[in-house]
Amino acid sequence: MIITHSFDKEAFKKSVKENVRVLYRRNLDEASKQQIYQAVCYTVKDTIIEKWMNTQKAYEKEDPKTVYYLSMEFLMGRALGNNLINLCEYEEVKKALHELNIDLNMIEDEEPDAALGNGGLGRLAACFLDSLATLGYCAYGCGIRYHYGMFRQQIRDGYQREVPDDWLRDGNPFELRRREYQKEVKFGGYVKVETDDKGRNHFIQEGYQSVNAVPYDMPIVGYGNGIVNTLRIWDAEPVECFRLDSFDKGDYHQAVEQDNLARNLCDVLYPNDNHYAGKELRLKQQYFFISASVQEAVAKYMRKHSDVRNFYEKNVFQLNDTHPTVAVAELMRILMDDYDLTWDEAWAVTTKTCAYTNHTIMSEALEKWPMELFSRLLPRIYQIVEEINRRFCLEIAKDYPGNQEKIRKMAIIYDGQVRMANLAICAGFSVNGVARLHTEILKKQELKDFYEMMPEKFNNKTNGITQRRFLLHGNPLLAAWVTDHVGSDWVTDLSKVKGLKVYAEDKKAQTEFMNIKFKNKERLAQYILEHNGIEVNPRSIFDVQVKRLHEYKRQLLNILHVMYLYNKIKADPGLDFYPRTFIFGAKAAAGYKNAKLTIKLINSVADVINKDESIKGKIKVVFIEDYRVSNAEIIFAAADVSEQISTASKEASGTGNMKFMLNGALTIGTMDGANVEMAEEVGEENMFIFGMSSDEVIQYENNGGYNPMDIFNNDQEIREVLMQLINGFYAKNDPELFRDLYNSLLNTQVTSRADTYFILKDFRSYAEAQEKVEQAYKNQSEWARKAILNVAASGKFSSDRTIKEYVNDIWHLDKVKLRKK
């Protein structure tokens, strides 16, 4: 049910003017764009606050079960436009601002993306919060208020340069500082054991350092239903901010020691952990936000209930990957040390509260901490983990007598490491993958031993995206067209887009659809011209790969194919070739050498090709700097081709693939992650599938039999491309610049297995699929038909559907409805 209310345009305009005056001592015509943006946000916030308070009152009255979505990342994007969309006031505000000679799009561009996440993990969390609020479920997102995010990417001379993302420089107008809920979080020291007169041991942490965790609440507005949930991000402040006695003695460092401890804790998302200090900071960050979140969740429950043993009846913790797994031990600590529960009582509560989502098949991404670091930094937590491990190993030994190999694989503590995924599976009542293929691989490969021992825990929840941001806000032209053809119910029920299927053969609908796509391509072309200084042809095929840069995602395969096409055009200038614009966007982790070198290669190839007038613009290559949610919305809307080309079996799900599909791009991809389910929905004939299957990849990985040198020796065109990596063709001043990329593909002495991600093995299949793309695009009517069918088949991939599955199968939440006033 959509809760409507009358929008008071004159009151809105008056409030904006008053906010400019009060906040900045200026009249509207004197204010800067940023000042007007802030004033508009505070006006919108007034509306949100009222709904936020009403929501909290309803929750207090109804006492519904609450999910705490615990995540290191929340890649929220910009808040203003999304809030207006979900308040159902976007067009009204746009008109009101227009009467003040203010362009809403210009105002939205003043907002920095909230630097609280980086990749798909964080964007999924943001989509889930949107869906939870829209569906009317009580939920908190819990994370960290990073001051500078992971980094803001600059491209200088083709290289990625990481600079601080100072998104809070002008303040965050939508957040509320909630000091009344601050919690103390302790690190280090030692654990003292005291025995009471009943013979029970009590564990007391002493000699520790601590910080105050102070929550900042951000509103999560549900679409049209009056619900406003909360994203609670924790910032660190010193327990004692300034020691005057130390300062007066001249010990200036000690005077601000606690301040520095707190400041460093929340500065950066995913600090480089190639060194010990980075590992220590990452573990501190994880415990910091988890301890604060769990403390407050328990305290909130006890403000209304008397018996903490029933905590699980009203609360569930969803662990978004392994980063929040320390919540298991922290909840145990609070229940035993603060509420005097026995081990068995605390374990019964914990194992009914915690659920775990696995987001990766890559074993190296399943977090492991050095035992020495973990026990020194979190001494009481380590004691608890050690006891969980002892008891779990006894269970394994009971189920598999004499099988030491099972203990080696499944133990939480082994070989000097604390293995967080094993802890999450042991203690969680649910373990879910994020696409059907991913879940099956977990059960048969990576987590096979756990699945055999506790199959009832495992389930699949295929990821989804929110159509409200990625279609309604990001692509208003297509959104309006969809509404014209199937009505507006798709905004909260994406399955309704299946009604578009009947228009796929309609010539008028095809023309309208392609005209919308062209306008969106013009918009992106303008963005590229302004930000890259490159003029691209919106009539060309926009072939797009935007996502976190990792070798398994195979951006290298894409750019090697671009080099291959360039060679073909140079060898045959008269080649019949439909113009193509290859668009990349990706951040590489600061310490990931080959990923950063791939970015340099893409930009070096772009530099050569874009300046070559002899090819007459048949190929252009663009690297979008600082890929993020706000420019992603423009990119998804404009893409013709969606590159989803990960090595089969490596991508857990992907969500970019769904965003492209929703916006009418055709996928070229492997049968990996959610691509498999997309193909089922739309039909393989409406995608461009290539490459080895996941079973074939796993077979080669387990049994060998693949030698990339055979391809190098026998395929002259591939050999020419690879030689260009080391002969200076794209790096005249440093021919050895790309030697590491060359070696990663061919040299087994440098890597444990050459071409780890089967780039050369899949190259010919990829090139053939790309030829099919070109031929298909030449028939514009047929392309439009396939594109409309893709949009029509995207209904399954809404995060609303995913959340309903979590609610029904894992969380068992109660829906809350607000009464219409």
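Strands β11 (residues 315-320) and β12 pair in the parallel sense, over four bridges. This pairing belongs to a predicted model. Within it, Asn-320 has Thr-357 of β12 as its bridge partner. On another pairing of β12, three bridges join this strand to β16 (residues 430-433), and the two run parallel. Here the bridge partner of Ala-355 is Ser-430 in β16.

The side chains of β12 repay a closer look. In a regular strand, side chains alternate between the two faces of the sheet. In β12 (residues 354-357), Cys-354 and Tyr-356 point one way, whereas Ala-355 and Thr-357 point the other way. All four of these residues are buried.

A second sheet can be followed further along the chain. Six strands form this open sheet, in the order β20-β19-β18-β21-β22-β23, with parallel pairing. Its edge strands are β20 (619-624) and β23 (688-689), each of which pairs on one side only. Helix α24 (residues 593-611) packs on the sheet and touches β19 (580-585) and β20. The direction of α24 makes about 145° with that of β20. At the other edge, β23 and strand β22 (residues 666-669) pair in the parallel sense over two bridges, and Gly-669 stands opposite Ile-689 in β23.

The nonpolar interior comes next. The largest nonpolar core has 153 residues, and those with the most contacts inside it are Leu-80, Leu-560, Ile-619, Leu-722 and Leu-725. Helix α23 (residues 555-571) gives the most to this core, contributing 10 residues. Apart from this core lies another, of 125 residues, which includes Cys-142, Ala-262, Cys-354 and Ile-388. As for Leu-725, leaving aside neighbours within four places in sequence, its contacts are Leu-560, Met-563, Leu-601, Pro-735, Phe-738, Arg-739, Tyr-742 and Leu-745.

Finally, there is a packed pair of helices. Two packed helices are described by the angle between their axes and the distance between the axes. Helix α22 (residues 507-532) and helix α33 (residues 780-792) pack at an angle of about 80°, with their axes 9 Å apart. Because of this angle, α22 is roughly perpendicular to α33, as angles of 65 to 115 degrees are counted in that class. From α22, the contact is made by Lys-507, Ala-509, Gln-510, Phe-513 and Met-514. From α33, the contributors are Gln-780, Ser-781, Trp-783, Ala-784, Arg-785, Ala-787, Ile-788 and Val-791. The residues of this contact comprise eight nonpolar, three polar and two charged.

Conventions: Residues numbered from 1 in each chain as written. Predicted model: local features only at pLDDT ≥ 70, side-chain atom pairs only at ≥ 80, totals over all residues. Heavy atoms only, no water. Axes fitted to C-alpha atoms, helices over the stretch in contact; angles between N-to-C directions. Parallel < 35°, antiparallel > 145°, perpendicular 65-115°, else oblique. Contact = heavy atoms within 4.5 Å. Nonpolar A, V, L, I, M, F, W, Y, C, P; charged D, E, K, R; others polar. Pairing = 2+ DSSP bridges. Core = buried A, V, L, I, M, F, W, Y, C linked by side-chain atoms within 4.5 Å. Buried < 20%, exposed > 50% of the residue type's maximum accessible area, 1.4 Å probe, protein only.
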